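Here is a short report on one protein chain and its ligand. Keep the viewer open while reading.

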Amino acid sequence: MSSPLQFAVFGHPIAHSLSPPIHQAFARQFGIELAYRTIDAPPSTFADAVKHFFDHEGGRGANVTLPHKAAAFALADEHTQAAARVGTANVLTRRPDGGLVAHNTDGAGMVRDLTERHGIDLRGHDTLMLGAGGAARGVAWSLFDAGVATLTIVNRTPAAADALADAIGEPARVHTRYWEELGNIGSYDLIVNATSAGTLGQSFTLPFSLAASRALCYDLGYGKSAVGFLAWARAANALYAYDGLGMLIETAADAFELWHGKRPDTEPVYQSLRAQGS
Ligand code: ATR
């Protein structure tokens, strides 16, 4: 019997990743047999671990998560347009000549979660992005693809917000403000929590005035890390408050399609993970 196709997600830490069960659930939809495992690599060994996986372990494709997304982009031989504008990768594929291709599906995954799963039209939204690190960068361009009107970036460290705004290069539509000003910068239709505070077990206080009357609040994280922000969103009377579980599943579907040439149905996997308490 031939051994199953090999896939993996690289991260650090990575033990509690939902990617293996998501990919196995997708594979069952098509009767595909695959091996999908977590590979915990510290930054110092990440590049070697990726090389070993693809060159010596039969690796067909990999997902990449924190803290390796920039390193994954840097080690690839080719970059898709979506990866190139963001400068990070969440998916690696292998060309027939052995070269690695870096993809970034984070932003498209978030937009699809919002527009297709939750039925929200983002066009014209005034958007507030909290945070300006890798996660914020990963989705910023896609928000404009989806038609948001403006993007205001607020970060604890202002220089990072300015750098992201400069990189996006839409001065008429992208603004930065100081974190200390959050109480008097008006209200927003879409508020994205792209900070890693929740993941780090930290919290911050936000003024309720930020949430417009029909506001949509979205945390790029899920599970415990999103609890604090979503509780704030509900207390602020936001119309919608979503975590990033759907985004994770949509980005996994993009990776699955890149690797297998087949589009999985994400909804049953989303419902099943929700039912299991994710
Ligand atoms: P990620 O890849 O998850 O985005 P990152 O690139 O390290 O991780 O970025 C983390 C983001 O969360 C940054 O915008 C960071 O703000 P700073 O640039 O000031 O560090 C933000 N962040 C982390 N902890 C925070 C906290 N307790 N309050 C507010 N912002 C926080």
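The report covers the two sheets, the helices on them, and the ligand site.

## Model

The model is predicted.

## The mixed sheet

Six strands make up an open sheet with mixed pairing. Their order is 2-1-3-5-6-4. Strand 2 (34-40) and strand 4 (78-79) are the edges, and each pairs on one side only. Inside the sheet, strand 5 (residues 91-94) and strand 6 (residues 100-103) run antiparallel, with four bridges between them. One residue pair to look at is Arg-94, whose bridge partner in strand 6 is Leu-100.

Two helices can be placed against these strands. Helix 1 (residues 19-30) packs on the sheet and touches strand 1 (5-11), strand 2 and strand 3 (59-64). The direction of helix 1 makes about 170° with that of strand 2. Helix 9 (residues 245-260) lies across strand 1, strand 2, strand 3, strand 5 and strand 6. Its angle to strand 5 is about 0°.

## The parallel sheet

Another open sheet also has six strands, this time with parallel pairing. The order reads 9-8-7-10-11-12. Strand 9 (174-178) and strand 12 (240-242) form the edges, each pairing on one side only. From one strand to the next, the twist averages 20°.

Strand 7 (residues 126-130) and strand 10 (residues 188-193) run parallel and are joined by four bridges. Met-129 stands opposite Val-192 of strand 10. Helix 5 (residues 106-117) packs on this sheet, in contact with strand 10, strand 11 (211-219) and strand 12. The directions of helix 5 and strand 11 make about 135°. Helix 6 (residues 134-145) lies across strand 7, strand 8 (150-155), strand 9 and strand 10, at about 175° to strand 7.

## The ligand site

Which residues come nearest to the ligand? Of the 16 around it, they are Ala-135, Asn-155, Arg-156, Thr-157 and Gln-202. By class, the shell holds seven nonpolar, eight polar and one charged residues.

Oxygen atoms of the ligand take part in several polar contacts. A side-chain N or O atom of Asn-155 is 2.6 Å from a ligand oxygen. For Arg-156, a polar side-chain atom lies 2.8 Å from an oxygen of the ligand. At Gly-134 the backbone takes part: a polar atom there is 2.9 Å from a ligand oxygen. How much of the ligand's area does the protein bury? Taken alone, the ligand exposes 650 Å², and the protein buries 76% of that.

How values were computed:
Residues are numbered from 1 along each chain as its sequence is written. This is a predicted model: local features need pLDDT of at least 70, side-chain atom pairs count only at pLDDT 80 or more; totals for chains, interfaces and linings use all residues. Side-chain values use heavy atoms; hydrogens and water are left out. A residue is near a molecule or strand if one of its heavy atoms lies within 4 Å of it. A polar contact is a pair of N or O atoms within 3.5 Å; within protein, one must be able to donate a hydrogen and the other to accept it, and residues adjacent in sequence count only if both atoms are side-chain atoms. Accessible areas come from the Shrake-Rupley method with a 1.4 Å probe; for residues, only the protein chains shown count as cover. Ala, Val, Leu, Ile, Met, Phe, Trp, Tyr, Cys and Pro count as nonpolar, Asp, Glu, Lys and Arg as charged, and the others, Gly among them, as polar. Two strands pair if DSSP finds at least two bridges between them. Contact means heavy atoms within 4.5 Å. Axes are lines fitted to C-alpha atoms, for helices over the stretch in contact, and angles run from 0 to 180 degrees between N-to-C directions.
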